[in-house]
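Me: I have a few questions about how the labels on this model were reached. Could you take me through them?

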Amino acid sequence: MPALAPTEFKGRVVWLGRVPHREAAPIACDPLDEMTLGFGGLEGEVHAGLTRPSCSRVTAQHPKGTEIANTRQLSLVGAEELARIAAALGLEEIDPAWLGASVVIAGLPDFSHLPPSARLQGPDGCTLVIDMQNQPCQFPAMTIEAAHPGHGKAFKAAAKGLRGVTAWVERPGTLRRGDALRLHLPEQRAWRPQGGGDA
């Protein structure tokens, strides 16, 4: 019996990008029309690789710099949430490049709260696995501030819960602007620390 159920929800790829480095702000990001993904992500992209050094997000599990599996190969952002962040900052729009986004997807509600292990599958079978919600960090704030002085400092507060999710490649393939990605959800109830049971 399948553990993942395809849903009727589909998102549309509206933007693709490649981050060549992450030395400092402003963030550099090259827009793409298509993205060919292998098991390690997008070759030549700063977040690509089967493994990565652990960062501050997982210091409760691993000393910083420990080699761990790379479940942060891609940064996925919801187009509607990006618009909400822009409105909160008093901007007409936010360039996804300022966030170092890999893929911007329109049409999936509550995007930043897609559950871990959910899949997004493209027309050729290319499949991305959601790892977890992304957290706002200082580099996008600094990049926005450089582009629009006086607006970047509020980014972290404005983007809380709206920053999108990180993901890794389960099945290689190619994503193109305009592609429809179907959402697949794990067949399980929410975890309950008390009560237990299978129901």
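Me: Which residues is His184 in contact with, leaving aside its neighbours within four places in sequence?
Reply: Happy to help! Keep in mind that this is a predicted model. His184 contacts Leu4, Ala5, Pro6, Ala118, Arg119 and Gln121. His184 itself sits in strand S12, residues 180-186.

Me: Why is His184 called buried?
Reply: Buried means under 20% relative accessible area. His184 has a relative accessibility of 13%, so it counts as buried.

Me: Where is Arg72, and what does Arg72 touch beyond residues up to four places away in sequence?
Reply: Arg72 is in the loop between strand S5 (67-69) and strand S6 (74-78). Its contacts are His47, Arg52, Arg57, Asn134, Thr166 and Ala167.

Me: How do you know that Arg72 has no salt bridge?
Reply: A salt bridge needs a side-chain nitrogen of Lys or Arg within 4 Å of a carboxyl oxygen of Asp or Glu. For the buried Arg72, the nearest side chain of opposite charge is Asp131, 5.2 Å away, so the cut-off of 4 Å is not met.

Me: What makes the pairing of Arg72 and Asn134 a polar contact?
Reply: Their side chains are joined at 3.0 Å, and the cut-off for such a pair of N or O atoms is 3.5 Å.

Me: Why are the buried residues of H2 said to be on the same side?
Reply: In helix H2 (residues 138-147), the buried residues are Pro140, Ala141, Thr143 and Ile144. They cover an arc of only 165 degrees around the axis, which places them on the same side of H2. These buried residues pack against helix H3 (155-159).

Terms used. Residues are numbered from 1 along each chain as its sequence is written. This is a predicted model: local features need pLDDT of at least 70, side-chain atom pairs count only at pLDDT 80 or more; totals for chains, interfaces and linings use all residues. Side-chain values use heavy atoms; hydrogens and water are left out. Helices (H or I, at least four residues) and strands (E, at least two) are DSSP runs, numbered from the N terminus. Buried means under 20% relative accessible area, exposed over 50%, partly exposed in between (1.4 Å probe, protein chains only). Contact means heavy atoms within 4.5 Å. Lys and Arg count as positive and Asp and Glu as negative; His and the chain ends are not counted. A polar contact is a pair of N or O atoms within 3.5 Å; within protein, one must be able to donate a hydrogen and the other to accept it, and residues adjacent in sequence count only if both atoms are side-chain atoms. The arc is that of the directions from the helix axis to the C-beta atoms.
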